[in-house]
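Here is a short set of exercises to work through with the model open beside you. Try each task before you read its solution.

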Amino acid sequence: MATVRKTIAKLGALLNAGTEPRLPPETSRVSREGILFGMGNPLLDICAITKEDFLEKYGLEPNNAILAEAKHQSMYKEMASMDNVEYIAGGATQNTMRVAQWIVGKPYCATFMGSVGKDEFSETLEKKAKEAGVLVRYQKQDNHPTGTCAVVVTKNGMCRSLVANLAAANHFAQSHLEIPENWALMEKARFYYISGFFLTVSPASIMMVGKHACENNKMFCMNLSAPFLCDLYRGPMMDAFKYVDIIFGNETEAAKFSEVQKLGVTDVKEIALKVAALEKENTKRERVVVFTQGADNVILAKDGKISEFPAIKLPEEKLIDTNGAGDAFTGGFMAQLIQGKTIEACIKCGIWAATEIIQRSGCSFSQDVRYTNE
């Protein structure tokens, strides 16, 4: 495989000197091709605005994420027939990679792997990823279609319920990661991000990446992603947790994690501190915990202390769709992290990215809008 030309950009002095995270070698103040690696479930979002009775019809809850069951299959057809339906490139980790690329503005800083079918949906996903500058290495399935995710938006965009039909995404194999060309891309990275949703697909692949990051003092990041993962997939989640340098989540996921792990606390700040103190393999840096709370303050647990960062509150008429807000936050965060910025600067960019995305449908953005870092 031909070696991709490296792009190195010099950046200005770090914000808040003295508070920067301990970065893997060769990354402080520098971003380059292939520096960020992600694995996840590439899905095509089927997005529609509905009334609350639609949730009741299919047994859904607002602001929740679940895997599709047999009773949900007719829902996809019903949504497809709606006048306001939209099809948007999705999947949590792939969204994060796309947003990070959008903010960094240098092509192919991010690499993404996942499994898709050989169909028009996968072509759409790959096109959107390439437009954003993400290098994709899909494992393509002959016998399974590309996965989809129903995004049911209610309460004028304030709430969204996600129902994922993984299909081909559920068939990612560890062997795809082990292909020499793909393994080289994984090794090339210095930062790794994997959403919790991938725990349902290939825990072995997550462990391989986490172990590599730990043994090479690289930064490994994950997301709790959904309450059901903290419970039903607690085993593989905690197996990977020992490798996690930065963990993301929202207040609902944090509460479920605390309950399942019997941390004995319910306050989100106390949960963050407890989570940061859990056992960790790489003792060269302490775990950082970042919990978002919708329109309320972002909670940071770092070095045994809690910091809070105010979210940007938009007037209701500007709020279009909260789907993708969490992915946008992590994308903005990772965009700054790979450039050697402080954790505080990363959170600031994450808040900005989430605020931009919720003013549009799905996890989409305008290339004309740029982060100014001011």
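**Exercise 1: a serine and its surroundings**

Leaving out residues up to four places away in sequence, Ser258 touches Leu263, Gly264, Val265 and Ile271. Bear in mind throughout that this is a predicted model.

Task: Find the helix that holds Ser258, and decide whether Ser258 is buried or exposed.

Solution.
- Step 1. Ser258 belongs to helix H10, which covers residues 251–261.
- Step 2. The relative accessibility of Ser258 is 3%. The cut-off for buried is under 20%, so Ser258 counts as buried.
- Step 3. For a reference distance, take Arg234, which is 24 residues from Ser258 along the chain: the two C-alpha atoms are 11 Å apart.

**Exercise 2: following an aromatic cluster**

Task: Classify the ring pair of Tyr193 and Phe248, then work out which residues make up the aromatic cluster that contains Tyr193.

Solution.
- Step 1. The structure has 13 aromatic pairs. In the one formed by Tyr193 and Phe248, the centres are 6.1 Å apart and the planes make 65°. Planes over 60 degrees apart count as edge-to-face, and this pair is edge-to-face.
- Step 2. Place the two residues in the chain. Tyr193 sits in strand E13 (residues 191–195) and Phe248 in strand E15 (residues 246–250), so this pair links parts of the chain that are 55 residues apart.
- Step 3. Check the burial. Tyr193 has a relative accessible area of 0% and is buried; Phe248, at 1%, counts as buried too.
- Step 4. Move on to Phe333. Its ring centre is 4.9 Å from that of Phe248 and the planes are at 85°, so this pair is edge-to-face. It links Phe248 in E15 with Phe333 in helix H12 (residues 325–337), 85 residues apart. Both Phe248 and Phe333 are buried.
- Step 5. Put the cluster together: Tyr193, Phe248, Phe329 and Phe333.

**Exercise 3: two helices side by side**

Task: Describe how helix H3 packs against helix H4, and sort the residues at their contact by class.

Solution.
- Step 1. Two numbers describe a packed helix pair: the angle between the axes and the distance between them.
- Step 2. For H3 (residues 92–104) and H4 (residues 120–132), the angle is about 30° and the axes are 8 Å apart. Angles under 35 degrees count as roughly parallel, so H3 is roughly parallel to H4.
- Step 3. List the residues that meet. H3 contributes Gln94, Arg98, Gln101 and Trp102, while H4 contributes Leu125, Lys128, Ala129 and Ala132.
- Step 4. Sort them: four are nonpolar, two polar and two charged.

**Exercise 4: the sheet of five strands**

Task: Which strands stand at the edges of the open sheet of five strands, and how does H4 lie on E4?

Solution.
- Step 1. Write down the order, E5-E12-E11-E4-E6, and note that the pairing is mixed.
- Step 2. E5 (64–67) and E6 (86–90) are the edge strands; each has a single partner strand, so one side of each lacks a neighbour in the sheet.
- Step 3. Ignoring direction, neighbouring strands here are turned by 25° against each other on average.
- Step 4. Look at one pairing. E4 (residues 43–49) runs parallel to E11 (residues 147–154), with seven bridges, and Cys47 faces Val151 in E11.
- Step 5. Add the helix: H4 lies across E4, E6 and E11, at about 95° to E4.

**Exercise 5: the sheet of nine strands**

Task: Locate E13 in the open sheet of nine strands, and find what pairs with E13 on the E3 side and on the E14 side.

Solution.
- Step 1. The order is E9-E7-E3-E13-E14-E15-E16-E17-E18, with mixed pairing. E9 (135–136) and E18 (305–309) stand at the edges, each with a single partner strand.
- Step 2. E3 (residues 36–39) and E13 are paired in the parallel sense over four bridges, and Gly38 has Tyr193 as its bridge partner.
- Step 3. E13 and E14 also pair in the parallel sense, over five bridges, with Tyr192 opposite Phe220.
- Step 4. In E14 (residues 219–223), five of five residues are buried: Met219, Cys221 and Asn223 on one side, Phe220 and Met222 on the other.
- Step 5. Finish with a helix. H11 (residues 268–276) lies across E15, E16, E17 and E18, at about 155° to E16.

Notes: Residues are numbered from 1 along each chain as its sequence is written. This is a predicted model: local features need pLDDT of at least 70, side-chain atom pairs count only at pLDDT 80 or more; totals for chains, interfaces and linings use all residues. Side-chain values use heavy atoms; hydrogens and water are left out. Rings of Phe, Tyr and Trp (its six-membered ring) pair if their centres lie within 6.5 Å; planes under 30 degrees apart count as stacked, over 60 as edge-to-face and the rest as tilted. Buried means under 20% relative accessible area, exposed over 50%, partly exposed in between (1.4 Å probe, protein chains only). Axes are lines fitted to C-alpha atoms, for helices over the stretch in contact, and angles run from 0 to 180 degrees between N-to-C directions. Angles under 35 degrees count as roughly parallel, over 145 as roughly antiparallel, 65 to 115 as roughly perpendicular and the rest as oblique. Contact means heavy atoms within 4.5 Å. Ala, Val, Leu, Ile, Met, Phe, Trp, Tyr, Cys and Pro count as nonpolar, Asp, Glu, Lys and Arg as charged, and the others, Gly among them, as polar. Two strands pair if DSSP finds at least two bridges between them.
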